[in-house]
Amino acid sequence: MCGTAPEGGTVPLTAPAGNVFTSVTFASYGTPNGSSEAYTIGSCPAANSVSVVQGLIIGNNSASIP
């Protein structure tokens, strides 16, 4: 599952009913390269992007990622 938002936007993510998010494989508060499910680190990434998103979504069925 993936999503994008412009600067200052929000990405709403919802797991299938009865499931919760258990991992985050990629996150970038920057400008990633590539496209959905094939992103790579691009310009101006934040070093803590994955840990920020993990804190918002792990164990939840849905979250809005700022």
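Which residues does Val-20 touch, not counting residues up to four places away in sequence? The points below take up this question and then turn to the helix and the aromatic rings of what is a predicted model.

1. Val-20 lies in the loop that runs between strand S1 and strand S2 (31–33). Once residues up to four places away in sequence are set aside, Val-20 touches Gly-59, Asn-60 and Asn-61. Val-20 has a relative accessibility of 44% and therefore counts as partly exposed, since that class lies between the limits of 20% and 50%. By contrast with these contacts, Val-20 and Ala-46, which are 26 residues apart in sequence, stand 25 Å apart in space when taken from C-alpha to C-alpha.

2. One of the residues touched by Val-20, namely Gly-59, deserves a look at its backbone. Gly-59 comes just after helix H1 and takes a positive phi of about 85°.

3. Within helix H1, which spans residues 49–57, the buried residues include Ser-49, Val-53 and Ile-57. These residues cover an arc of only 45° around the axis, and they are therefore placed on the same side of H1. The general background is that an α-helix has 3.6 residues a turn, so residues three or four places apart point the same way. The partners of the buried residues of H1 are two strands, S1 (11–14) and S4 (62–65), against which they pack.

4. Ser-49, which is found in helix H1, can be examined separately. Its relative accessible area is 3%, and Ser-49 is buried because this value falls under the 20% limit. Leaving aside neighbours within four places in sequence, Ser-49 is in contact with Ala-27, Ser-28 and Tyr-29. With Tyr-29 there is a specific polar approach to check in the model, because the side chain of Ser-49 reaches the backbone nitrogen of that residue at 2.9 Å, within the 3.5 Å limit for a polar contact.

5. The count of aromatic pairs comes to one. Phe-26 and Tyr-39 form this pair, which is stacked, with 6.2 Å from centre to centre and 15° between the planes. The pair links distant parts of the chain, for Phe-26 sits in the loop between S1 and S2, while Tyr-39, 13 residues apart from it, sits in the loop between S2 and strand S3 (40–43). Phe-26 is partly exposed, with a relative accessible area of 29%, and Tyr-39 is likewise partly exposed, with a relative accessible area of 22%.

Definitions and conventions:
Residues numbered from 1 in each chain as written. Predicted model: local features only at pLDDT ≥ 70, side-chain atom pairs only at ≥ 80, totals over all residues. Heavy atoms only, no water. Buried < 20%, exposed > 50% of the residue type's maximum accessible area, 1.4 Å probe, protein only. Helix = DSSP H or I, 4+ residues; strand = E, 2+ residues; numbered from the N terminus. Arc of directions from axis to C-beta. Contact = heavy atoms within 4.5 Å. Polar contact = N/O pair within 3.5 Å; in protein donor to acceptor, adjacent residues only side chain to side chain. Phe/Tyr/Trp six-rings, centres within 6.5 Å; stacked < 30°, edge-to-face > 60°.
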